[in-house]
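Biologist: Could we go through this model together? I would like to discuss its metal site and its charged pairs.

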Amino acid sequence: MKTKQLIKKLPKAELHLHIEGSFEPELMFKIAKRNKVKIRFKSVAEVKKAYAFDNLQSFLDIYYEGAKVLLVENDFYDLTFAYLKKCHEDNVVHTEIFFDPQTHTDRGVPFKTVITGIKKALKDGKKKWGITSHIILCFLRHLSEEAAFKTLEQARPYKKDIIGVGLDSSEVGHPPSKFQKVFEQARNEGYLTVAHAGEEGPPAYIWEALDLLKIKRIDHGVRSIEDKKLIDRIIKEKMALTVCPLSNIKLRVFNTLKDHNLKKLLNQGVKVTINSDDPAYFGGYMNQNFEETAEALKLTNEEIVTIAVNSFEASFMSEAQKKKRIKQCLALLK
Ligand code: HPA
Ligand code: ZN
C-alpha cells in the first residue's frame, strides 16, 4: 500500500494536543468579532505571517495572546468541535486533549465555562463521529506551584471528567521538581500524570518527571537520546514518548525533519507516537505529521503501523478498546 493511503486508512490515537493550539486564525477572527474583542492583526494572512518562531517561548507568547479571545462556553465548544472535525478527517478515532485552565481563569474566565464547553463538544464528537476522548488538565510551569494547587482545587467538581494532569509552557528554568507536591496530591486524588519534558529541557528533567512526578507518558522527550542510561530505562519500562515532529521543526528543536531523531528512537525500541501538539500554529494535523515524517525519515509501512499501534497502547483507553484498535491497525499490513 502507498504510504499516504496507509496513513489515511490507519486508525490513530492522538496523545499530545493542546486544544488552545488548534485555534485556527479563521475561527479566531470569527470569535473575536462575536465577542467584540480587538486583535492586533488585520487579516488571517497577517496572523499566519506572525507564526514564525525561534524557540518555544516565541511561540508561547503568541499562543497565549490568541487564547485571549476565548470568553464564553460556546467559544470553547466551537474550538473543540473544529478540532474533532479534523480528527474525523484524519481518522483519529481517539484523542486525549490538554487544556490550560490557568490561561483562562487568570483572565477571569471561570473554570466551569472552559471545561463545560470542551466537554459538550467532546460529547457531540462522540455522537457524530464516534471519536472517543479524555481530558488532561495542564499546569503552566512558568507559574507557581501554589497557583497549580489552586487550579487542582478548582478542578475538583469536574474530577470525573478529567483523567489526568500534565505540565506545559516554558520548560527551561521550570523543572518538574517545582511541581512535585501538587503532582503527588493529584495522584492521591486519582489523576494519572504526564509531563512535557526533554523538548528544550535537558535529560535531567525527564529523570525528574519519571522519578518525582511518576508520569505515565513523556510529552516530547526527544532529548532523552542524549542519555544512554535514560534511554535504557525508557525502553525497559515501555514508557511512551508523545513526539510532535512538525512542532519540533517549527520551534527549532531540530533544523529539518530529516534531522529528527524519531526513527532512531523507534529503532532502538522506544515506544514512539506521532502527534500534532498545536496544529493551527505548526502547520499540520495528525496525518500531515505522519506523512511528512514518513517521507523525510523514509519510514516503512511496518514502522508507520507500529507508531499507530503505540498510540493505542500508550493511551488511557480500556484494554478491550485498545485490543480492538490494535487489531484494526495490524490488519492493514496484510
Ligand atoms: N510545549 C510546551 N508548552 C506548550 C506547548 C509545547 O509544545 N504547546 C502548548 N503549550
Ligand atoms: Zn505540547
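Modeller: The metal site comes before the salt bridges in what follows, and the model is a predicted one.

Biologist: Which protein atoms are the donors of the zinc ion (ligand 2)?

Modeller: The donors are NE2 of His16, NE2 of His18, NE2 of His196 and OD of Asp277, at 2.0 to 2.3 Å from the zinc ion. Along the chain their spacing reads H-x1-H-x177-H-x80-D.

Biologist: Where do His196 and Asp277 lie?

Modeller: His196 belongs to strand β5 (residues 192–197), while Asp277 sits in the loop between β8 (271–274) and α14 (279–282), so the pair ties together parts 81 residues apart in sequence.

Biologist: Is Asp277 buried or exposed?

Modeller: Asp277 is buried, at 2% relative accessibility. His196 is buried as well, at 5%.

Biologist: Why is the arrangement around the zinc ion irregular?

Modeller: The angles subtended by the four donor atoms run from 84 to 175 degrees. A tetrahedral assignment would require all angles to lie between 85 and 135 degrees.

Biologist: Turning to charged pairs, how many salt bridges are there?

Modeller: The count is 19 salt bridges. One of them joins Arg34 to Asp75, with the closest N and O atoms 2.8 Å apart. Arg34 lies in helix α2 (residues 25–34) and Asp75 in helix α5 (residues 73–89), so this pair ties together parts 41 residues apart in sequence.

Biologist: Which residues are linked with Arg34 in a network?

Modeller: Asp75 and Asp78 are linked with Arg34 in a network of salt bridges. Asp75 is buried at 0% relative accessible area, whereas Arg34 is partly exposed at 34%.

Conventions: Residues are numbered from 1 along each chain as its sequence is written. Chains are lettered from A and ligands numbered from 1 in the order in which they are written. This is a predicted model: local features need pLDDT of at least 70, side-chain atom pairs count only at pLDDT 80 or more; totals for chains, interfaces and linings use all residues. Side-chain values use heavy atoms; hydrogens and water are left out. Donors are N, O and S atoms within 2.8 Å of the metal (3.2 Å for Na, K and Ca); water is not among the atoms, so sites may look incomplete. Four donors count as tetrahedral if all angles lie between 85 and 135 degrees; four count as square planar and six as octahedral if opposite donors are over 155 degrees apart and all others between 65 and 115; anything else is irregular. Helices (H or I, at least four residues) and strands (E, at least two) are DSSP runs, numbered from the N terminus. Buried means under 20% relative accessible area, exposed over 50%, partly exposed in between (1.4 Å probe, protein chains only). A salt bridge is a side-chain nitrogen of Lys or Arg within 4 Å of a carboxyl oxygen of Asp or Glu.
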